[in-house]
Each structure stands twice: as structure tokens, then as C-alpha cells.
Amino acid sequence: MTAERCILFIAASMVMYAAAVPAQGGATVTYADSQLTLSINGKALAEYRHTGVPYKPYVSVFRTPSGINVLRDAPHDHLHHHALMFAIAVDGVDFWQEGNAPGRQVHREFPDSGDMNSRHETVGFVERLDWLGPESETPLLHETRTVEIFDPETLGASVMTWESELSVPEGKQSAALTGSHYFGLGMRFLESMDNAGAFFNADNVKGDLVRSDEYVARSRWCAYTSMADGKPVTVAMFDSPDNPRHPAWWFTMSTPFDYLSATLNLYREPMELNAGTPLRLRYGVVLWDGHIDAAGVEAMYRKWLAAREPAENH
């Protein structure tokens, strides 16, 4: 191991009871029937629902260092908006919406992931999923999903890394990846944060107007600052330079609610995923207490980039 700290990275098979599994430095993953809870130093930072969900696993809770959860799950106006979720369309099957015969992301297991090099204390898990059509058990895609959270006391913010590796199943030659302008890693905010804040990005550009007040802007990161139940918060999403089509196209909207999504621009440029060539995506999601300006977000982006050694060195 060449990193400053060797972190025990936790994963296990799904169990039907709650169990706390300790990691180095007081980090734990608590497994229950349908969800995981990720904690560091006794603070529950995030919850992840993996079973008992109708169509897709997702991060249902993610908290700022002071404990404010900024995510909203299945609001009445868009029941398919599940807090922090990842979805696109595959071979014409829509995995984003949950009507008209949608696709299903099905949890399979939490394999043992072994050790992971990091310069900061972390806690997380690795999950394997299959992307299925509405009436089929034959996968359209395989996914290996990794979610990792850094110690807020170390970085001064709640920092999550979301990684998805998509691959074509054996016996299938390719998969067509498409979607609407908002398909990708999407985030629905706490209701009190709606219509009360502002989006900004690394390049200070508005982007292309798609419809109403929905924009798609290309930049290495995008942020939203608002008030959460009367308290100032800032949320940012980061795009890794290793991602295809970097920098990302960020979808933002402000009425009747606010939404942020990291996209691959699939609505204008569909992608063909070939057998034997996985698609690897890596994004950061960061939460601060308080209003953070562009310089502060950029500084954290640089820290996030430096926090992990290149994958080939793991």
C-alpha cells in the first residue's frame, strides 16, 4: 500500500438483520433488510436503499457535516425521483421513469471488495446489479457500483464518490445507451431548498436552454447553494477527468423545483457500449454547511481529485 492510510473498505452479502461492521478509525457500515447506513465517528452520514425498492437502488439520505439531509425521495410531483440516483436508457428501455414498462436495476450482491488505497479515512461499499427489461430476467447490462464517503472532519465537507462500471453481458455484442437531457446521476433536493437558491459552475456559463428554464451546461463541476430549513447549504457535483466526454453536461432546473444531474449528453449523442469494453464513470457529490463560493468549490474539487490514486495503482 502506498497511500498515507490503508482503509478497510467494507462490503458483505445482503443479510436479513441489522449488523454494524467496524472499519478503521470508527467507520461503520450497518446492514439491514433493505438499506445500508454509512457512519464515521458515530455520525450517520448516508443511507443507501438496495432492496424493497420498485425499480432502482439509490442513496436516500446524505447529510452535511452538521447533520442536514439535503435529499428528497419520491416527492408527490415526481415519484420516480429517488434522492440521489443513477439511470439512463438502455436498448430503448427507460430506467429513469417508473411508468410505461420501465427497466429495473436489480441488486444482486455486496461482494467482498478487499482493501482500497485512500489518503483520507473513508467508509463505503461495492454492489453488483443487473439492469433488466420490464418483463425479462436476461440482463441488458451488468453494473458494479461503488459508493465511498470521506470523513467530514478531514475535508471540511461531506464528500461522496459514486462510481459505476457498466458492462455488456456475456453473449451480447453491444448495448445502445440513450436518454433524455436529464438522464444520468441525478439529485432531488429537500423541499425547503426549492426556489430559494442558485446554480453555478466552474466556467460560469449558463449553457444551452432545452425547455422552460431547463439548461444543460458543460463544465468540470456544478454547484447549487440554497437554504435547507432555514440554514445555508451548498451542494456540488464533480466530474472526473477520466470519465468519457469530460467535462460533463450538467442538467439544471429551477421551477417548479430545483434539480441537478450529471449527464453524458446522450440525448444528442447516443453511445454504443461494446462487449469487452466497460464504461467507467466516477462522480463526486459534496455537501457543505453554509454558502460556498466558486473558489471554495474549485479547491474542494482539487482535493477530491487528489484523494484517490489512479485506479491502475490500486
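In these legends, buried means under 20% relative accessible area, exposed means over 50%, and partly exposed is whatever falls in between (1.4 Å probe, protein chains only). Everything here comes from a predicted model: local features need pLDDT of at least 70, side-chain atom pairs count only at pLDDT 80 or more, and totals for chains, interfaces and linings use all residues. Residue numbers run from 1 along each chain as its sequence is written, and side-chain values use heavy atoms, with hydrogens and water left out.

**View A. F200 meets W221 edge-to-face.**
Rings of Phe, Tyr and Trp (its six-membered ring) pair up if their centres lie within 6.5 Å; planes under 30 degrees apart are stacked, over 60 edge-to-face, and the rest tilted. That rule gives 17 aromatic pairs. One of them is F200 with W221, at 5.9 Å centre to centre and 90 degrees between the planes. F200 sits in strand β17 (residues 198–201) and W221 in strand β20 (residues 221–228), so the contact ties together parts that are 21 residues apart in sequence. (Helices, H or I with at least four residues, and strands, E with at least two, are DSSP runs numbered from the N terminus.) W221 has 1% relative accessibility, so this residue counts as buried.

**View B. Five aromatic residues gather in one cluster.**
The members to pick out are W96, Y182, F183, F251 and Y259. Keep an eye on F183, since this residue turns up again in the lining of the largest cavity.

**View C. R188 has two partners, a ring and an acid.**
The charged end of R188 sits over the ring of F257, 3.7 Å from its centre. (A charge sits over a ring if NZ of Lys or CZ of Arg is within 6 Å of the ring centre and within 35 degrees of the ring normal.) R188 also makes a salt bridge with D77, with 3.0 Å between the closest N and O atoms. R188 belongs to strand β16 (residues 184–188), while D77 is in the loop between β6 (58–62) and β7 (84–87), so this bridge ties together parts that are 111 residues apart in sequence. The two ends differ in exposure: R188 is buried at 0% relative accessible area, whereas D77 is partly exposed at 34%.

**View D. Two more salt bridges, R145 with E143 and R302 with E298.**
A salt bridge here is a side-chain nitrogen of Lys or Arg within 4 Å of a carboxyl oxygen of Asp or Glu, and the structure holds 14 of them. R145 and E143 meet at 2.9 Å, N to O; R145 is buried at 0%, and E143 is buried too, at 2%. R302 and E298 come to 2.8 Å between their closest N and O atoms. Both lie in helix α2 (residues 294–307), four residues apart, which is about one turn of the helix. R302 is partly exposed at 45%, but E298 is buried at 17%. Add R220, and the three residues R220, E298 and R302 are linked in a network of salt bridges.

**View E. The second largest pocket has 14 lining residues.**
Its space comes to about 220 Å³. F199, F200, V205, K206 and T252 lie nearest its centre. Strands β17, β19 (214–218) and β22 (249–253) are the elements that give two or more residues to the lining. By class, that lining has eight nonpolar, four polar and two charged residues. (Ala, Val, Leu, Ile, Met, Phe, Trp, Tyr, Cys and Pro are nonpolar; Asp, Glu, Lys and Arg charged; the others, Gly among them, polar.) The charged end of K206 sits over the ring of Y215, 4.7 Å from its centre.

**View F. One cavity of 30 Å³ or more.**
On a 1 Å grid over the protein atoms alone, a cavity is a set of points where a 1.4 Å probe fits but cannot get out; a pocket is an open set with protein on both sides within 12 Å along at least five of seven lines, and lining residues have an atom within 4 Å of a point. Points are joined across faces, edges and corners, and a volume is the space filled by probe spheres set on them. The largest cavity has a volume of about 30 Å³. Its lining is F86, I88, F183, G184, A262, T263, L264, L266, L281 and Y283, divided into eight nonpolar, two polar and no charged. Strands β23 (259–263) and β25 (279–289) each supply at least two of these residues. I88 is in the loop between β7 and β8 (89–90) and is buried, at 2%. The C-alpha atoms of I88 and L264 are separated by 9.5 Å, although the residues are 176 apart along the chain.
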